[in-house]
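Welcome! Open the model in your viewer, and let's walk through it one selection at a time.

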Amino acid sequence: MNQLFTPVEIKNITVKNRIAVPPMVVYTWSDDTGHVTQKHIDHYEAIAKGGAGLIIQEGTCVNKNGRLADTQLGIWEDVQVEGLKKITDAVHRHKTPILVEIHHAGVAGIAENVVCPSDYECMIKGQLKKGRELTIEELHAIQQDFIMAVRRAYLAGYDGVEIHACHSYLISQFLNRRVNRRDDRYGQKPELFALEIIREIRKQTPSDFIIGMRLGGFEPTLEDAIAYARIFEESGVDFLDISYGFVQESTPVVPKDYPFKDIIYAAQKIKEAVSIPVFAVNGINSPELADKILEQTKVDMVDIGRGTLVNYNWANDAKEGRDVGTCLYCKTCMWRVDPTKCPGRLKHQYNLHR
Ligand SMILES: Cc1cc2nc3c(=O)[nH]c(=O)nc-3n(C[C@H](O)[C@H](O)[C@H](O)COP(=O)(O)O)c2cc1C
Ligand code: SF4
């Protein structure tokens, strides 16, 4: 491995290797309160022990009405801080930095009256969603929810936050001009909703608190994403983690012979356009592929998501040249199934004890 186990600077933190564990919700452990359980604490501690350089905690909701599931973890009220702090304490015991992804689902949520930057209908996971346009008062109230969530994240001991601005959720809906057709300034300048949040959280947190962003690489086009990346870099964002944007409304264009996934191409192109660290993600299923992506695209970090669900020890095993396990891409983890039932994990454990 030439690059995977070299350190990298993210703001003031030296991250020991190039492996980030990206946010992955687990819906089976909490309940309607959105509170942390012992299972969450053990899960994140096990991931930290497994050797990844950086952990980004699962999408944690800033507002109960913005939830994706009625058991999603929450950061919408002060009483949630105590549980969240138990996660950061457990992870920090292993000298691993941890950020929390702050999230609002917008039209993709489970609330009865889902909201969106403008009236918008779409099918999400087989369900028709009819989003009602946010009033300006509601829009400002949600910005405030993000800001308060970041204050709580700071109090809970996170090293920073990752703003969830992709995967068809609320900020992705603002950024994608095919979804955001508002005729006020939040439509004329689609990045304004997020920019105002970033400016305020910069003011309200110490200068070493990390503010990262998970940004859509085609929102709706790569050119738009590159323009947003430059704007957010200028606004003080510390890193960009590039994933898919509003999927139904995006146009991925990638050279035919490109050796990696389309979304990794977007990360590569964004890296060429900015100076802050850029993370690439999706389907990076072996240490060799991870290293090749780092070398050939010049991105700074790779996200190992499902690989970590299969094997908490992915990073340590990769470093020592051991079998890291294989994700079977069965999607079981997407359907509210406890990660301990992951078929790839069971297979890996069986192989280890054979
Ligand atoms: C079970 C599961 C839950 C996920 N939850 C989130 C989430 O909360 N926030 C997010 O930005 N992405 C989420 N994702 C996407 C992952 O962060 C990652 O981008 C995706 O799994 C691709 O990376 P991989 O191929 O390494 O798994 C989730 C993915 C899975 C499999
Ligand atoms: S093996 Fe299946 S359940 Fe396990 S991480 Fe991969 S897709 Fe998810």
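Is the crossing of α7 and α8 right-handed or left-handed? Keep that in mind while you set up the view; note too that you are looking at a predicted model.

**Stop 1: α7 and α8**

Select residues 222-234, which form helix α7, and show α8 beside them; their axes come within 10 Å and cross at roughly 45 degrees. The two helices are therefore oblique to each other. And the handedness asked about above? α7 and α8 make a right-handed crossing. Now turn on side chains: from α7, Leu222, Ala225, Ile226, Ala229, Arg230 and Glu233 take part in the contact, and from α8 come Tyr265, Ala266, Lys269, Ile270 and Ala273. Colour this contact by class and you will find eight nonpolar and three charged residues, with no polar ones.

**Stop 2: α8 and α9**

Keep α8 (residues 262-273) on screen and add helix α9, residues 287-297. The axes of α8 and α9 lie 10 Å apart, and the helices pack at an angle of about 35 degrees. Here, too, the crossing is right-handed. Look for Ile264, Gln268 and Lys271 on α8, which meet Ile293, Gln296 and Thr297 on α9. Sorted by class, this contact of α8 with α9 holds two nonpolar, three polar and one charged residues.

**Stop 3: α1 and α2**

Next, select residues 38-49 for helix α1 and residues 81-92 for helix α2. Their axes cross at roughly 25 degrees and come within 8 Å, which means that α1 runs roughly parallel to α2. The crossing of α1 and α2 is right-handed. On the α1 side, show His40, Ile41, Tyr44, Glu45 and Ala48; on the α2 side, show Lys86, Ile87, Ala90 and Val91. The contact of α1 with α2 comprises six nonpolar, one polar and two charged residues.

**Stop 4: the annotated domain**

Zoom out and select residues 3-322, which an unreviewed UniProt entry lists as "domain: NADH:flavin oxidoreductase/NADH oxidase N-terminal". Over this stretch the chain is 36% helix and 19% strand. Pick the C-alpha atoms at its two ends: they are 17 Å apart.

**Stop 5: around ligand 2**

Finally, centre on ligand 2. Which residues surround ligand 2? They are Arg306, Leu309, Cys327, Leu328, Tyr329, Cys330, Lys331, Thr332, Cys333, Cys342, Pro343 and Gly344. The elements giving two or more residues to this shell are α10 (306-310) and α12 (343-353). By class, the shell around ligand 2 has eight nonpolar, two polar and two charged residues.

Technical notes
Residues are numbered from 1 along each chain as its sequence is written. Chains are lettered from A and ligands numbered from 1 in the order in which they are written. This is a predicted model: local features need pLDDT of at least 70, side-chain atom pairs count only at pLDDT 80 or more; totals for chains, interfaces and linings use all residues. Side-chain values use heavy atoms; hydrogens and water are left out. A residue is near a molecule or strand if one of its heavy atoms lies within 4 Å of it. Helices (H or I, at least four residues) and strands (E, at least two) are DSSP runs, numbered from the N terminus. Ala, Val, Leu, Ile, Met, Phe, Trp, Tyr, Cys and Pro count as nonpolar, Asp, Glu, Lys and Arg as charged, and the others, Gly among them, as polar. Axes are lines fitted to C-alpha atoms, for helices over the stretch in contact, and angles run from 0 to 180 degrees between N-to-C directions. Angles under 35 degrees count as roughly parallel, over 145 as roughly antiparallel, 65 to 115 as roughly perpendicular and the rest as oblique. A crossing is left-handed if the near helix is turned anticlockwise from the far one by less than a right angle, and right-handed if clockwise. Contact means heavy atoms within 4.5 Å. UniProt positions are given in the numbering used here, feature names are shortened, and annotations may be inferred rather than shown by experiment.
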